[in-house]
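Me: I am new to this structure and would like a close look at a single part of it. Could you pick out where the confidence lies, and then set that part in its wider surroundings?

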Amino acid sequence: MRKAQTPAEFMILVGVMLFFFITFIYSLQINNADKIRQQRDIIIKDAAFTVQDEINLALEATDGYERTFTLTRYILGKDYDIDIIEGVVYAETDDGKHAIALPVADVVVVNELQTGDNVIRKTDGVIYLNP
C-alpha cells in the first residue's frame, strides 16, 4: 500500500504547487495592468494640461504671440484624440477607458489640435491652432 500512496501524494503536492504558481503569476499580471492604466491616466492628463497651459499663455500674451508645442502621438501604444469643445479641452483614448476634460478660458479658438507638433498663434485677440 505504501507504493500506491507515494504517487498520489506527489500528484497532490504538484497540484498545490501549480495552484500557488498560477495564483502568483495572476497577481503579477493584475499589478502590471494597474500600473499601465495609471501611466496612461498620467500621460493623458499631461497632454490635456499642456493644451490648457498653452491656451492660457496665448490668452495672456500680446497679439503676435506664436509658439510650437508637441503632443505625444501615442499613449503607451494607444491612439488618442484631443479636442477643444465649447471651452473644454477633452482628451480620450480610442478605447474610451482613459479620458479627461479641463476647462479653458472662454476665448475664440480657431482650428483643431493634432497629435505631434502644434502651432499656437494669437492675432487680433483670436487664438489660432495650427493656422
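**Strands and confidence**

Reply: Happy to help! Confidence in the protein is highest in strand β1, residues 66-71, at 94, and lowest in strand β5, residues 109-110, where the mean is 74. Please keep in mind that this is a predicted model. Where pLDDT is low, the predicted coordinates should not be read in detail. Across the protein, pLDDT averages 88, and 95% of the residues score at least 70.

Now for the surroundings of these two strands. The protein has 7 strands along with 1 helix. Starting at the N terminus, the order of elements is α-β-β-β-β-β-β-β. The radius of gyration is 26 Å, well over the 14 Å that the globule rule gives for 131 residues, so the protein is more spread out than a compact globule. Along the principal axes, the C-alpha atoms fill a box of roughly 95 × 20 × 20 Å.

What about burial and contacts? Of the 131 residues, 24% count as buried. Among contacts between residues at least 6 apart in sequence, 53% join residues at least 24 apart.

Last comes the surface and the charges. The accessible surface of the protein is about 9,000 Å², and 58% of that belongs to carbon and sulfur atoms. As for charged side chains, the protein has 20 negative and 12 positive ones, and the centres of these two sets lie 16 Å apart.

To return to where we began: as you look at the model, remember that strand β1 has the highest confidence and strand β5 the lowest.

Definitions and conventions. Residues are numbered from 1 along each chain as its sequence is written. This is a predicted model: local features need pLDDT of at least 70, side-chain atom pairs count only at pLDDT 80 or more; totals for chains, interfaces and linings use all residues. Side-chain values use heavy atoms; hydrogens and water are left out. Helices (H or I, at least four residues) and strands (E, at least two) are DSSP runs, numbered from the N terminus. The radius of gyration is taken over C-alpha atoms; the globule rule is 2.2 Å times the number of residues to the power 0.38. Buried means under 20% relative accessible area, exposed over 50%, partly exposed in between (1.4 Å probe, protein chains only). Contact means heavy atoms within 4.5 Å. Accessible areas come from the Shrake-Rupley method with a 1.4 Å probe; for residues, only the protein chains shown count as cover. Lys and Arg count as positive and Asp and Glu as negative; His and the chain ends are not counted. The place of a charge is taken as NZ of Lys, CZ of Arg, CG of Asp or CD of Glu. pLDDT is the predictor's confidence in each residue, from 0 to 100.
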